[in-house]
Amino acid sequence: MKPQTNFDLVLFGATGDLAMRKLLPALYQAHAAGLLHPQGRILGVSRSKFSREEFLAKVGRDSKIHIKNIEDAAWAQFEQRIDYLSLDVGEAADFSALADKVNQRPDTDAVVVYLSTAPKFFAPACEKLAAAGLNAPKVRIVLEKPLGTDLASCRKINEDVAAYFQENQIYRIDHYLGKEGLQNLLPLRFGNSLFEPLWNKDYIQSVQITIAETLGVEERGEFYDITGALRDMVQNHIVQMLCFTAMERPKSLAADDVRDEKLKVIQSLKPLNDIDKQAIRGQYAPSAGLNGYAQEHKVPVDSRTETYVAIKAEIDNPRWAGVPFYLRTGKRLAGRTAEIVLNFKPQPDDGKLYAAVPNRIVISLQPQETVRVRLAVKAVGSDRTVPAEMVLDLAQAAAGRRAEAYELLLREVIDGRLNLFNRRDELEAAWAWLTPVLEHWAASPVPPHLYPAGSHGVEAARAMLAENGDLWLEEQD
Ligand code: NAP
């Protein structure tokens, strides 16, 4: 189908790292695949006093290198879409110039304003956009993370933006929602009759959600040290993975029906009352020739910032009562994965007929998108059973061009679909659940546990599962 939405995309922070590495490459890919309206225009905006040509030269230098399979003819056409305006968020007059540019094309269907800038600019940018008349219903505002650093700061951002834009004009980015593997959870659960009857406390022993990285903080020590793993990964990506895993069947696939069900999951999370036992923080220590976190560039040697978190969560509703949800993320771990593991209870006959091989479903979002189901099968020449895995490779199962998360999200905004973006109440509920952990850690005299760089993480997190008789996936057979 031909792209329907004739758009202007106003990209604030157009000279920045995110724009160059991710957003402009994503827009090029959409363009090259014929998925942008032929008249759609990209208007780069930032402080630098570039002419259009100078900006294009920068894009050619800094962004093109991040694009695979570039075609010269397609790139030349892509450049035709791009314009540039020097604008300082502090200067009201610059917004009048922006409005003049946008109003040159009154027939557009959508004006997407992407704020790829530090969050401190969200409020002044929204205020001045509105003052320049750039908050009409066809204007959509995209907010990059981080959306706050705790509940109070998240609320403040939301209130500031809500003063000028309706909730259905606001697109809060969590790029995990752009991943096919995560989106696939809903059809897997609600489009098949096979799994849903078992997807509850009667059959499931425990759930694990992991995002593990092999990289350390690299050159981002300064940013990371004031952020930490909980803010960087848990409050957003892991909570979203939890929502898709645990939510009830939505009334429809309309954005608010799905978001209502996600919100109910977050609101049903039991408060973390015994934080030292339920939320374990760690920091990587030097090992096997790798730096420890405290030795990284621009990290204070006495930093207490967590590079690892493991949380034992519980959802207080009839479907999940009593089922532990173990959530963890960390840097400098043994492998790079993002996965959801459902561990099933053993057979009710307690192994009388066959030795227990508990079933397990592992849904991987990266590095591959797969669903793996662990089953018992008969050993050859014997009545014994042995474990085996049934593997569904989603890239093979559903053939077709797979877009990077940012490309998909940008196309969704242009087309005005809110499904893959967080609503205000979801984010605030997630912060309400996790802010006490941050406050507890800030006040605690106990430093994070150390774990060797390149390992599977903190020993205390292993012990937290062992108390329940559970094991992390890498320790299971
Ligand atoms: P960055 O490289 O520091 O770029 C900042 C951008 O903001 C530049 O284009 C800069 O323009 C512009 N800017 C600064 N002050 C301005 C002002 N007063 N008026 C108008 N524009 C101004 O930052 P980034 O890494 O691209 O990140 C942007 C946002 O995305 C941040 O909130 C970051 O946390 C978030 N984010 C980044 C990444 C990433 O991978 N980089 C990933 C996820 C989220 P000039 O250069 O012309 O001054």
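The following legends describe close-up views of a predicted model.

**View 1. Positions annotated as a binding site.** In an unreviewed entry, UniProt places the feature "binding site" at Arg47, Asp88, Val89 and Lys145. Two of these positions, Asp88 and Lys145, are taken up in the next views.

**View 2. Asp88 and its contacts.** Asp88 lies in the loop that links β3 (82–86) to α4 (92–103). Its relative accessibility is 31%, so Asp88 counts as partly exposed. When neighbours within four places in sequence are set aside, Asp88 is in contact with Arg47, Asp94 and Phe95. Of these partners, Arg47 is also listed by UniProt under the feature "binding site".

**View 3. Lys145 and its contacts.** Lys145 belongs to the loop between β5 (139–143) and α6 (151–162). Because its relative accessibility is 30%, Lys145 is classed as partly exposed. Apart from neighbours within four places in sequence, the residues in contact with Lys145 are Ile173, Asp232, Asn236 and His237. For Asp232, the backbone oxygen is reached by the side chain of Lys145 at 3.1 Å.

**View 4. The open sheet.** The sheet is open and consists of 6 strands in the order β3-β2-β1-β4-β5-β6, with parallel pairing. At its edges stand β3 and β6 (170–172), each of which pairs on one side only. From one strand to the next, the twist averages 20°. Strands of a sheet pair through backbone hydrogen bonds, in either a parallel or an antiparallel manner.

**View 5. Strand β3 and its partner β2.** Strand β2 (residues 41–46) runs parallel to β3 and is joined to it by 5 bridges. Across this pairing, Ile42 stands opposite Ile82 of β3, and Gly44 stands opposite Tyr84 of β3. Helix α2 (residues 52–62) packs on the sheet and touches both β2 and β3. The direction of α2 makes about 115° with that of β3. Although β3 is an edge strand, 4 of its 5 residues are buried, so β3 is largely enclosed by the rest of the structure. The loop that holds Asp88 lies between this strand and α4.

**View 6. Helix α14 across the sheet.** Helix α14 (residues 405–414) lies across four strands, namely β1 (7–12), β4 (110–115), β5 and β6. Relative to β4, the helix runs at about 140°. One of the strands beneath this legend's title, β5, is also the strand at one end of the loop that contains Lys145.

Note on methods. Residues numbered from 1 in each chain as written. Predicted model: local features only at pLDDT ≥ 70, side-chain atom pairs only at ≥ 80, totals over all residues. Heavy atoms only, no water. UniProt positions renumbered as here; feature names shortened; annotations may be inferred. Helix = DSSP H or I, 4+ residues; strand = E, 2+ residues; numbered from the N terminus. Buried < 20%, exposed > 50% of the residue type's maximum accessible area, 1.4 Å probe, protein only. Contact = heavy atoms within 4.5 Å. Polar contact = N/O pair within 3.5 Å; in protein donor to acceptor, adjacent residues only side chain to side chain. Pairing = 2+ DSSP bridges. Axes fitted to C-alpha atoms, helices over the stretch in contact; angles between N-to-C directions.
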